[in-house]
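Student: I would like to learn how to read a protein model feature by feature. Could you take me through one slowly, giving the general idea before each case?

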Amino acid sequence: MIPAAFHLARCYVARHRAQSLLLAAALALVVALPLCLKVLGHAVEKVMRTRAQSTPLILGPRGSALDLMLKALYFKRQPLPELPAQHLREVRATQLAEAIPLDARFHAQGAPIIGTELEYFAFRRLQLAEGHMITRLGDCVLGARVARERGLGPGSSLFSSQEQVFDMAGVYPLKMRITGVLAPSGTADDDAVFVDLKTVWLISGAAHGHDDVAAQTDTVLKQETTNTVANASVRMYHEVTDKNLNTFHFHGAEDSYPLSAILVLPRDAKAEALLAGRYLKDSLPVQLIRPRDVFESLMSTLFQVERLVFIVLGVTLAAALAISALVFALSFRLRSREFRTLSDLGISPAALRLTRALEITLITTTALLLALLLTWAMQSQAETWVRWLLV
Amino acid sequence: MAGITLTDLSFSYPSGQFRLHVDHLSVPAGSAFGLLGPSGTGKTTLLRLMAGLLPPQRGQITLGSTDLTTLSEVQRRAFRLSQVGLVFQDFALLDYLTVAENILLPQRFAGANATPTARTLAERLEIDRHWHKPTSQLSQGERQRVAIARALAHEPRFLFADEPTASLDTGRRDLVMDLLFECAARTSASLVVVTHDAALLPRFPQNARVEDLVP
């Protein structure tokens, strides 16, 4: 009886595959949604927690602590006010902490360019997989994923992106020399391009290199005590080479150069408390945040939202199940003539009930398999999507 | 061997508008019985009573040595599945199944393998080339022949056909009737055919008009 009932159920579902698949897909979606949400929640936690917990303090412009954390730890494209480099000097002057500057304003082929100092690599325990570290202005090392996805490596070069096309006096692309590729770390560092802090300032226009004006006096339009104005024939350099390296120079005071944030690594708990006290005042243009607190607050909000979404999804699931039950009931009612025929032929009520049950089972099993497939797809891609969403 | 016997049979639908009573009717085993009559006179109801699809209010229906009125619903179904072949007026095929699946469906539920017989029947009825086609793609005449093949595939001892030639041309009508008679003779089955086609009556050794049976 079971093989015959299964055969009949399978034939019905197979011959009405479009309708059956549609019903199964609808059921799969409502089952998969809460599972995928849970998986996504775990991925958010996994991707963000370690990094937040391993970074003691972040100094950045006053505003959203979450935006500052996302920018400084995950290099997310958050529009933050600039932080004058003077604060870097001030933190170092306290001798309470080590300070690592970060400038994450620019991009190259979609990847964030992170201007920092060599201490950053030691702090994050980043190892070179190939090539060597940054040795001079204009050098860069690539995160593992950036190198892999773009097919780049030591010896090749990478242009910084022109951040906007309408400002003719704005940022010009800089051709950077790739000196090394970092080993995969499973963090946002894999998706970044690292340069020396001065290279970012070069990209921003705070520094530049050009033909020697002193050697080409015919190009000089005006000579002032501290400033020389030349005509447009003077070539600006958009690539740092061994030959033109010495022509690059900075304008203005270093204290005024912009940063995105400063990673602050206090020497001990007391130093941490003292530093926290220094930046408590709301009137200050900067804030010192503890990433693990910001992360916990974010997760707590996420859990609350997640709980609410689960309630909504639970109601949706119940409604979907009720509608599916109705669809099955109506379908069986429409097929009452067919079941009467089978009954007339002598097929037992138990066999007919089994046939109906197997049809429902086939569709719900398909729905569950689809839901598992969706969840598996989400599971395998969750961290990538979380990074893409957050970084 | 005993065939079909109806004794003092009474039946009425719950609405009470239609009443049927048969004092006595006997169809010997291996014999054919033709039942003629205009629409609405109770031909199909009588056929369904004889096949055990409807339980009578009174009387006795005996198929072979089995008194259907003493069987439970489940027992009657099991009896039909193994001993009875039915050709319905509207064919009652399952359109999502192929010709082969429709013909073999009852035997599949009975746990029997009737494929060789079914294949031969399909060849005889000229529907073998549609063996793997869904019945929804067949013409009316072809569908009717599939219904007949389904009724005959398990070589039943009692064969009931409700207007089995209604959709067929004269040539195919004779083919189908020959096949029904042949199958009934080969297995010593009792054959009851309901028809409105008076031209078919001479083919039956025993026939009746329903109005003669139902007083």
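Tutor: Let us begin with the vocabulary: helices (H or I, at least four residues) and strands (E, at least two) are DSSP runs, numbered from the N terminus. With that in hand, A:Cys140 can be placed in strand S6 (residues 139-142) of chain A. This is a predicted model, in which local features need pLDDT of at least 70 and side-chain atom pairs count only at pLDDT 80 or more, while totals for chains, interfaces and linings use all residues. Residues are numbered from 1 along each chain as its sequence is written, chains are lettered from A and ligands numbered from 1 in the order in which they are written, and side-chain values use heavy atoms, with hydrogens and water left out.

Student: Is A:Cys140 buried or exposed?

Tutor: The word buried means under 20% relative accessible area, exposed means over 50%, and partly exposed lies in between (1.4 Å probe, protein chains only). A:Cys140 has a relative accessible area of 0%, and therefore counts as buried. Leaving aside neighbours within four places in sequence, A:Cys140 is in contact (heavy atoms within 4.5 Å) with residues including A:Ile134, A:Met176, A:Ile178, A:Val193 and A:Phe194.

Student: Which residues touch the most other members of the largest nonpolar core?

Tutor: In soluble globular proteins, nonpolar side chains tend to be buried together. A nonpolar core is here a set of buried Ala, Val, Leu, Ile, Met, Phe, Trp, Tyr and Cys residues joined through side-chain atoms within 4.5 Å. The largest such core has 69 residues, and the members that touch the most others are A:Met48, A:Phe194 and A:Leu263. Helix H2 (residues 17-54) of chain A gives the most to this core, with 12 residues. Not counting residues up to four places away in sequence, A:Phe194 touches A:Phe75, A:Ile114, A:Tyr120 and A:Cys140, among others. There is also a second, separate core of 40 residues, which includes B:Leu93, B:Ala100, B:Leu125 and B:Cys183.

Student: How should I read a strand, and which strands pair with S8(B)?

Tutor: In a regular strand the side chains alternate between the two faces of the sheet. In strand S8 (residues 190-195) of chain B, B:Ser190, B:Val192 and B:Val194 lie on one side and B:Leu191, B:Val193 and B:Thr195 on the other, and all are buried. Since 6 of the 6 residues of S8(B) are buried, the strand is largely enclosed by the rest of the structure. As for pairing, two strands pair if DSSP finds at least two bridges between them. S8(B) pairs in the parallel sense with strand S3 (residues 32-36) of chain B over 5 bridges, and B:Leu36 has B:Thr195 as its bridge partner. Strand S7 (residues 158-162) of chain B also runs parallel to S8(B), joined by 5 bridges, and here B:Phe160 is partnered by B:Val192.

Student: What do S7(B), helix H6 (residues 170-186) of chain B and S8(B) make together?

Tutor: They make a right-handed β-α-β unit. A crossover is right-handed if, with the strands pointing away from the viewer, the path from the first strand over the helix to the second runs clockwise.

Student: How should I read a helix such as H1(B), and which of its residues are buried?

Tutor: An α-helix has 3.6 residues a turn, so residues three or four places apart point the same way. In H1(B), the buried residues are B:Lys43, B:Thr45, B:Leu46, B:Leu47, B:Leu49 and B:Met50. Because 6 of the 8 residues of helix H1 (residues 43-50) of chain B are buried, this helix is largely enclosed by the rest of the structure. Just after H1(B), B:Gly52 takes a positive phi of about 80°.

Student: How many salt bridges are there over all chains?

Tutor: A salt bridge is a side-chain nitrogen of Lys or Arg within 4 Å of a carboxyl oxygen of Asp or Glu, and by this rule the count comes to 32 over all chains. In one of them, the side chains of B:Arg173 and B:Asp197 meet at 2.9 Å, N to O. This pair links distant parts of the chain, with B:Arg173 in helix H6 of chain B and B:Asp197 in the loop between S8 and strand S9 (206-209) of chain B, 24 residues apart. Both B:Arg173 and B:Asp197 are buried. Salt bridges that share partners join B:Arg173, B:Asp174, B:Asp178, B:Asp197 and B:Arg203 into one network.
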